[in-house]
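Hi,

Here is the structure I said I would pass on. Have a look at it first, then read my notes underneath.

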Amino acid sequence: MSEKACQECRMVSSGSVCPNCKATSLSDDFSGLVIIFDSEGSAMARAMKVNEKGRYAIRVR
Ligand SMILES: [Zn+2]
């Protein structure tokens with residue numbers, strides 16, 4: 001099963017709907033993967049404007 005990245009929030013998942021923002025605009029053409037464990041205290045999460053823990057693509061086309 002291939003994973004896809006949300007074009008709205010960049011969360012990576014294997015479903016057809018983004019579990020984070022419920023968008024259906026998912027792309028399998030993405031690069032890089034960042035795992036956010038703690039959105040509160042993570043500088044990476046802040047830099048990526050992420051407020052939910054999970055896996056995120058760095059770039060989504
Ligand atoms: Zn999303």
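Let's start with one pair of strands: E1 (residues 4-6) and E2 run antiparallel to each other and share 2 bridges. Before going on, note that this is a predicted model, where local features need pLDDT of at least 70, side-chain atom pairs count only at pLDDT 80 or more, and totals for chains, interfaces and linings use all residues. Residues are numbered from 1 along each chain as its sequence is written.

Some vocabulary: helices (H or I, at least four residues) and strands (E, at least two) are DSSP runs, numbered from the N terminus. Two strands pair if DSSP finds at least two bridges between them. In general, strands of a sheet pair through backbone hydrogen bonds, either parallel or antiparallel.

Back to E2: its Val12 sits opposite Ala5. Both strands belong to an open sheet of 3 strands, in the order E2-E1-E3 with antiparallel pairing. Strand E2 (12-13) and strand E3 (26-27) are the edges, each pairing on one side only.

Now the whole chain. It has 1 helix and 5 strands, and along the sequence they follow the pattern β-β-β-β-α-β. The radius of gyration (over C-alpha atoms) is 11 Å, close to the 10 Å from the globule rule (2.2 Å times the number of residues to the power 0.38), so the chain is as compact as a globular protein of 61 residues. Its C-alpha atoms fill a box of roughly 30 × 20 × 20 Å along the principal axes.

How much of the chain is buried? Of the 61 residues, 23% count as buried, meaning that 20 or more other C-beta atoms, placed from the backbone, lie within 10 Å of the residue's own.

Cheers

Definitions and conventions: Buried ≥ 20, exposed ≤ 12 C-beta atoms within 10 Å, placed from the backbone.
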